[in-house]
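I sat down with this one to look up its pockets and one serine. My notes are below, in the order I took them.

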Amino acid sequence: MSDAAKKINEIKKEFQTANIAVLPSLMENYKTDSRTGVQNLIRQSEKKLQQLEQEKERCYKLLEYERKYADHKFICGIDEAGRGPLAGPVTAGAVILPKNCDILYINDSKKLSPKKREQLFDEIMEKAVAAGIGMASPERIDEINILQATYEAMWEAIKQLGVMPDILLNDAVTIPGVAIPQVAIVKGDTKSLSIGAASIIAKVTRDRLMQEYDRLMPEYGFAQNKGYGSAAHIAALKKYGPSPIHRSSFIKNFV
C-alpha cells in the first residue's frame, strides 16, 4: 500500500508504536503528505524529539558533580526517605551509576509520579553498577532519634552495595563514622543524578513496604499516607491507638 493510500489511523498507529529513534525517518517519509492529520502527527513527533533533547540536556547538567569527581571509579549517591512520617521505618538508598549513564527522567523522587518512580526504580536497579538499601525501624528511631537512625540506614545501604565506593555524594548530610570521602550537597536530589537515583530507590522501597503494612492494618490508610501525619491518619491514630509500626517519639501529641 502506498503512503498516500494509507488511512490516517494506520499512519497514526505507526507513529504511536514507533521507537523514538525511528521517528525522524517516519517524519521524513510522510513530510509530503498534505493531510492535516498527518502533519499534526509530524508536529507532535517534532515536539517529542525536542522534549527528549531537553531531557538529555537536563540530565547532563545533573552529572556536574559526577564529572567533577570523575577520577574516582565508584561514585555513590546517597539519599533517604521517611524522616518525617509518624509510622514506618526510615529508608536509605545508595546507588553507583555507570560512567556512561543513559537513564533519563531521574529527579527528586517527590517530583515524580508513583508510576514514573516505579519505572525508574526497575531501570536503575537493572543498569546501576551497584545499589544498596538500608533501613532503621520505628523502634530504632525512638531509641536513638531520627537523625542518628537515618545515618544508620545510610551506612547499611552502603554496606549492601557489594562494592566499596571511592566517594559519596550525599543529600545535605555528612554521615559520621564513615571513612569514605563525602560531599554533602544541599538539595542534592535535584543537583546530582546519583543522589536522585538513590532518592528513588529509597522512596519506592519504603512506599512498597507501607503498602504491605496497609494490607495488614488498613484502618490507618498507610497505602495513601505512607505513614505521614495526614488528618485522616491522625484521626485513625486517635480512634484506634498506635500500631506496632508507629514511632512513639513522634505521636506524643496525638496519643
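These entries cover two pockets and then S109.

Entry 1. I reminded myself before starting that this is a predicted model.

Entry 2. I went to the largest pocket and read off a volume of about 240 Å³. I count 18 residues in its lining, with E80, A81, G82, K110 and Y228 lying nearest the centre. Two elements, β1 (75-81) and α8 (193-216), give two or more residues to that lining. I noted that α8 supplies the largest share, four residues.

Entry 3. What is the mix of nonpolar, polar and charged residues in the lining of the largest pocket? I get 11 charged, four polar and three nonpolar.

Entry 4. Next I took the second largest pocket, which holds about 190 Å³ of space. Its lining is made of 14 residues, and E66, I75, L97, P98 and K99 lie nearest its centre. By class I have nine nonpolar, four charged and one polar residue there.

Entry 5. I then moved to S109, which sits in the loop between β2 (90-96) and α5 (114-127). Is S109 buried or exposed? I put it down as buried, because its relative accessibility is 5% and the cut-off for buried is under 20%.

Entry 6. Which residues does S109 touch, leaving aside neighbours within four places in sequence? I found S109 in contact with R117, S199, I200 and K203. Of these, S199, I200 and K203 fall within α8 (193-216), the helix I had already met in the lining of the largest pocket.

Technical notes
Residues are numbered from 1 along each chain as its sequence is written. This is a predicted model: local features need pLDDT of at least 70, side-chain atom pairs count only at pLDDT 80 or more; totals for chains, interfaces and linings use all residues. Side-chain values use heavy atoms; hydrogens and water are left out. On a 1 Å grid over the protein atoms alone, a cavity is a set of points where a 1.4 Å probe fits but cannot get out, and a pocket is an open set with protein on both sides within 12 Å along at least five of seven lines; lining residues have an atom within 4 Å of a point. Grid points are joined across faces, edges and corners, and a volume is the space filled by probe spheres set on the points. Ala, Val, Leu, Ile, Met, Phe, Trp, Tyr, Cys and Pro count as nonpolar, Asp, Glu, Lys and Arg as charged, and the others, Gly among them, as polar. Buried means under 20% relative accessible area, exposed over 50%, partly exposed in between (1.4 Å probe, protein chains only). Contact means heavy atoms within 4.5 Å.
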